[in-house]
Amino acid sequence: MQQIGQIEQRGVHGHLLNCPLCASIGHSGCWFYGGYLEGLLGAAVAAKKVRIRHLGCRSAGAAQCSLEIAH
């Protein structure tokens, strides 16, 4: 994941630092990262369904893109 973006993890929250896909106003690339993480983590944790919830996005004015990981 580090190859396509820098992520800082804090518990169940992931923060995309300077997300290159969310640079323009109104264009959120967080959905790409969320889907990618669901597939990656879902394959690793086969017994449980992994869901990603989008908490904030730079393209919507947040300081950084934030995702929450739930299973």
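In the predicted model, Gly-34 touches Ile-52, His-54 and Leu-67, not counting residues up to four places away in sequence. Gly-34 is placed in helix H1. Its relative accessibility is 3%, under the 20% limit, so Gly-34 counts as buried. Leu-21 precedes Gly-34 in the chain, and the two are 13 residues apart in sequence. In space, 12 Å separates Gly-34 from Leu-21, C-alpha to C-alpha.

Two of the residues touched by Gly-34, Ile-52 and Leu-67, belong to the largest nonpolar core. This core has ten residues. Among them are the cysteines Cys-19, Cys-22, Cys-30, Cys-57 and Cys-65. Leu-16, Tyr-33 and Leu-37 are also included in the core. Helix H1 and strand E4 each supply at least two residues of this core. The most is given by H1, with three residues. As a general background, nonpolar side chains in soluble globular proteins tend to be buried together.

Cys-57, one of the core residues, has contacts with several other parts of the chain. With neighbours within four places in sequence left aside, Cys-57 is in contact with Cys-22, Ser-28, Cys-30, Ala-62, Gln-64 and Cys-65. Of these partners, Cys-22, Cys-30 and Cys-65 are also listed in the core. Leu-37, another core residue, is separated from Cys-57 by 16 Å in space, C-alpha to C-alpha. In sequence, Leu-37 and Cys-57 are 20 residues apart.

Leu-37 lies in helix H1. The relative accessible area of Leu-37 is 12%, and the residue is therefore buried. Leu-37 appears in the largest pocket as well as in the core: together with Ile-7, Gln-9, Gly-14 and Ile-69, Leu-37 lies nearest the centre of the pocket. The pocket holds about 160 Å³ of space and is lined by ten residues. Its lining draws at least two residues from each of strand E1 (6-10), strand E2 (13-17), helix H1 (30-44) and strand E4 (65-70). Strand E2 gives the most, with three residues. By residue type, the lining of the largest pocket divides into seven nonpolar, three polar and no charged residues.

Charged residues were examined separately, through salt bridges. The count comes to two. In one of them, the side chains of Arg-10 and Glu-8 meet at 2.2 Å, N to O. Arg-10 has a relative accessible area of 45%, so this residue is partly exposed. Glu-8 is likewise partly exposed, because its relative accessible area is 30%. In the other salt bridge, the side chains of Glu-68 and Arg-53 meet at 2.9 Å, N to O. This pair links distant parts of the chain, with Glu-68 in strand E4 and Arg-53 in strand E3 (residues 51-56), 15 residues apart. Arg-53 has a relative accessible area of 48% and is therefore partly exposed.

The loops contain residues of another kind of setting. Gly-11 is placed in the loop between E1 and E2. Its relative accessibility is 58%, over the 50% limit, so Gly-11 counts as exposed. Gly-11 and Ile-52 are 41 residues apart in sequence, and their C-alpha atoms are 14 Å apart in space.

The loop between E2 and H1 contains Asn-18 and Pro-20. Asn-18 has a relative accessibility of 59% and therefore counts as exposed. Most residues other than glycine have a negative phi. In Asn-18, by contrast, phi is near 50°, a positive value in a residue other than glycine. Pro-20 has a relative accessibility of 54%, so this residue also counts as exposed. The C-alpha atoms of Pro-20 and Cys-30 are separated by 9.8 Å, and the two residues are ten residues apart along the chain.

Definitions and conventions:
Residues numbered from 1 in each chain as written. Predicted model: local features only at pLDDT ≥ 70, side-chain atom pairs only at ≥ 80, totals over all residues. Heavy atoms only, no water. 1 Å grid on protein atoms, 1.4 Å probe; cavity = no way out; pocket = protein on both sides within 12 Å on 5 of 7 lines; lining within 4 Å. Points joined across faces, edges and corners; volume = space filled by probe spheres on them. Helix = DSSP H or I, 4+ residues; strand = E, 2+ residues; numbered from the N terminus. Nonpolar A, V, L, I, M, F, W, Y, C, P; charged D, E, K, R; others polar. Buried < 20%, exposed > 50% of the residue type's maximum accessible area, 1.4 Å probe, protein only. Salt bridge = Lys/Arg side-chain N within 4 Å of Asp/Glu carboxyl O. Core = buried A, V, L, I, M, F, W, Y, C linked by side-chain atoms within 4.5 Å. Contact = heavy atoms within 4.5 Å.
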